[in-house]
Amino acid sequence: MNFRQTLALLTASIAISLSGCSSQLVLPAYKDISSKTELPEDTLSIQYLGVGGHILSYKGTQIMTAPSLTNPHFMFSGPFFPLSADEDEIDQYLPDVSNVEMLLVGHGHYDHMLDVPYVMQKHAKKAHIYGSDTVARMIKPAIDNSRIHAMNDLMADSENPGEWVYGMSGKVRIMAIKSDHAPHIMGMKLIFGEVEEDLEEIPWHGFGWKEGQTLAYVIDFLEEDKSIAHRIFYQDAASQQPLGLVPQMSDNKAFDVAILCPASFDQVDDYPESIVKNTQANSYILGHWEDFFANDLGGEQRVLRLLDQEEFVERLEAVMPENSEWVLPSLFSTMNFDPSGKLIK
Ligand SMILES: [Zn+2]
Ligand SMILES: [Zn+2]
């Protein structure tokens, strides 16, 4: 650990102790609703798994974004504390992901990657992983090379589209977008950098999981005739524009749903405004909002420490397209969307 990281970690520890801990959620949280009628076949379902994790399903095709269920206490996620996935916790709480064909990773931090090797080995056995070169190099020791896809050479930026990558069913495709990761605290990032060579073993402590190139994703679920049924934007870190912005696409398909990242949003300018104006979605999901440090997955969730939930929503609502809505999912709840991306209530 270098001097910059040591200083950042010390400052973060002090700031977090001084600010007390997480705070009560005051926003309305979405909870599962028992639907009176069967949901229509063309319903898009998104289940929130906490942190950056979601399961996205459409007509039997499923993909997921990197789940995080181990969630150690803040003090045990620092450098030189041995840290590994809590397999019992994953076995108990992870929903059935045996059908998942793609697992998307936005960046390599431990709260997005620690559980991924075990999840892919034991639960999502069909899934291929998509992430930065750094993510690919870190997971190599645990997962067969044929299931790992590095996206740095295929990613879009705000000016130029990237390459579509299709899942094995041909019914879902993704495009990685060059994005960014907001500083964690007071303008400083705690864990950053790239991994330049394939690792021999997966990282053994929290700081071993490097950020790498942070990516956002455009996800398209496709119909039999290859037309686009649903377009979704996903990111697992707040980004400083123009990083994270989706370029003009030739098909002009609108976004139904955009998954935003409230965590650390106040550490960059124009977030969430830049992404909201760029995506013009019908629904905005607020992901990565709960305090995941040693949280009880079966209990009530509190808001991530230092996150001003009301300011985030105030700024979001000020720029949301007319008739669009936001939804803050409670842990493990499933949100259902109609063909236009409206939340089914
Ligand atoms: Zn991160
Ligand atoms: Zn995170």
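Which residues of the largest nonpolar core touch the most other members? Keep that in mind as you open this predicted model; the tour starts with the whole chain and reaches the core at the end.

**Whole chain**

Begin with everything shown as a cartoon. You should find 7 helices and 15 strands. Along the principal axes, the C-alpha atoms fill a box of roughly 55 × 45 × 40 Å. The radius of gyration is 19 Å, which agrees with the value near 20 Å for a compact globule of 345 residues. Colour by burial and 46% of the 345 residues count as buried. Turn on contacts between residues at least 6 apart in sequence, and 73% of them join residues at least 24 apart.

**The sheet of 8 strands**

Next, select the open sheet whose strand order is β1-β14-β13-β12-β11-β10-β9-β8. Its pairing is mixed. Look to the edges for β1 (29–30) and β8 (165–166): each has a single partner strand, so one side of each is left without a neighbour in the sheet. A reminder while you trace the ribbons: strands of a sheet pair through backbone hydrogen bonds, either parallel or antiparallel.

**Strand β11 and its two partners**

Now pick residues 228–235, which make up β11. Is this strand enclosed or open? Of its 8 residues, 6 are buried, so β11 is largely enclosed by the rest of the structure.

On one pairing, β11 runs parallel to β12 (residues 257–260), with 3 bridges between them. Show isoleucine 232 and you will see valine 257 of β12 opposite.

The pairing of β11 with β10 is antiparallel and has 7 bridges. Select leucine 222 to find its bridge partner in β11, isoleucine 228. Then follow the hairpin that links β10 and β11: there are 5 residues between the strands, and lysine 226 takes a positive phi near 75°.

**Strand β3 and its two hairpins**

Move on to residues 53–58, strand β3, where 6 of the 6 residues are buried. Show the side chains here: Gly53, Ile55 and Ser57 point one way, while His54, Leu56 and Tyr58 point the other way, and all are buried.

What pairs with β3 on the way in? Strand β2 (residues 44–50) does, antiparallel and over 6 bridges. Glycine 50 has glycine 53 of β3 as its bridge partner. These two strands form a hairpin with 2 residues between them, and valine 51 in the turn has a positive phi of about 50°.

Carry on to β4 (residues 61–65), which runs antiparallel to β3 and is joined to it by 5 bridges. Select histidine 54 and its bridge partner in β4, threonine 65. Once again there is a hairpin with 2 residues between the strands; in this turn lysine 59 has a positive phi of about 45°.

**The core**

Finally, back to the opening question. The largest nonpolar core has 90 residues, and those touching the most other members are Leu103, Leu104, Ile177, Tyr217, Phe233 and Tyr284. Strand β10 (residues 215–222) gives this core its largest share, 7 residues.

End by centring the view on isoleucine 177. Leaving aside neighbours within four places in sequence, isoleucine 177 is in contact with Leu215, Ala216, Tyr217 and Val218, and also with Met155, Ala156, Gly244 and Val246.

Notes
Residues numbered from 1 in each chain as written. Chains lettered and ligands numbered in written order. Predicted model: local features only at pLDDT ≥ 70, side-chain atom pairs only at ≥ 80, totals over all residues. Pairing = 2+ DSSP bridges. Helix = DSSP H or I, 4+ residues; strand = E, 2+ residues; numbered from the N terminus. Core = buried A, V, L, I, M, F, W, Y, C linked by C-beta atoms within 7 Å. Buried ≥ 20, exposed ≤ 12 C-beta atoms within 10 Å, placed from the backbone. Contact = placed C-beta atoms within 7 Å. Rg over C-alpha atoms; globule rule 2.2 N^0.38 Å.
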